[in-house]
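Reader: I'd like to go through the pockets of this one. Can you put it up?

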Amino acid sequence: MTDKRKPVAEIAAEMGMGLLSPHLTCRNCAGAIAFYKEAFGAEEMMRLPGPDGRLLHAAIRVNGSMVMLTDEYPEMGGHSPLALGGSPVTLHLMVDDVDAVAARAVAAGAEITMPVADQFWGDRYGVVKDPYGHMWSIATPIWPPKSPEEMEAGLKASMERMSGS
């Protein structure tokens, strides 16, 4: 028997998806979608409400990448970072102007957890927490890229500053 299915990469490309997409659980998913549109210029792809009005599934595109979302469903183990008291996951967003995007996110309601600054590894980088508890690192690469030796020296200097030596 010959398998006539298309390769998964081809199917995903036709659907406008990558092969790895974050799937966020949000308290007030519809509000989160509105925030992502305002803060990051997200484009809504679809939403599927359940019988009780909570979103069973939604999808947005941020900077060319699909992000899937759902409302909290604690009865099925679906908890948002707000229910859990935080999240160990950070979404990384590369942009042309990190300062402008971070300012736009803050204006939309995000909180800065790490101010935008030039970093030793070669990015202008900062971190915001969105109103739904998700962490977003935002970066613009500094050109030309740093060499491994420059990054190691920068790390050493950064660690020394942090330890007070």
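Author: What follows is a short talk about the pockets of this model, which is predicted.

Reader: Fine. What volume does the largest pocket have?

Author: Its volume is about 230 Å³.

Reader: And which residues are closest to its centre?

Author: Pro22, Val62, Ser65, Val67 and His92 are the closest, out of 17 residues that line the largest pocket.

Reader: Which strands each supply at least two residues of that lining?

Author: Strand E4, residues 65-71, and strand E5, residues 90-94. The largest share of the lining is from E5, which gives four residues.

Reader: How do the residues of the lining divide into nonpolar, polar and charged?

Author: For the largest pocket, 10 are nonpolar and seven are polar, with no charged residues.

Reader: Now the second largest pocket. How much space lies in it?

Author: About 200 Å³.

Reader: Which residues lie nearest its centre?

Author: Leu24, Pro81, Ser87, Val89 and His134 do, and the lining of the second largest pocket has 16 residues.

Reader: Which elements each supply at least two residues there?

Author: Strand E1 (23-26), helix H3 (81-84) and strand E5 each do so for the second largest pocket. So E5 is on the list here, and E5 also lines the largest pocket.

Reader: Which one gives the most to the second lining?

Author: E1, with three residues.

Reader: And by class, what does the lining of the second largest pocket have?

Author: Eight nonpolar and eight polar residues, and no charged ones.

Technical notes: Residues are numbered from 1 along each chain as its sequence is written. This is a predicted model: local features need pLDDT of at least 70, side-chain atom pairs count only at pLDDT 80 or more; totals for chains, interfaces and linings use all residues. Side-chain values use heavy atoms; hydrogens and water are left out. On a 1 Å grid over the protein atoms alone, a cavity is a set of points where a 1.4 Å probe fits but cannot get out, and a pocket is an open set with protein on both sides within 12 Å along at least five of seven lines; lining residues have an atom within 4 Å of a point. Grid points are joined across faces, edges and corners, and a volume is the space filled by probe spheres set on the points. Ala, Val, Leu, Ile, Met, Phe, Trp, Tyr, Cys and Pro count as nonpolar, Asp, Glu, Lys and Arg as charged, and the others, Gly among them, as polar.
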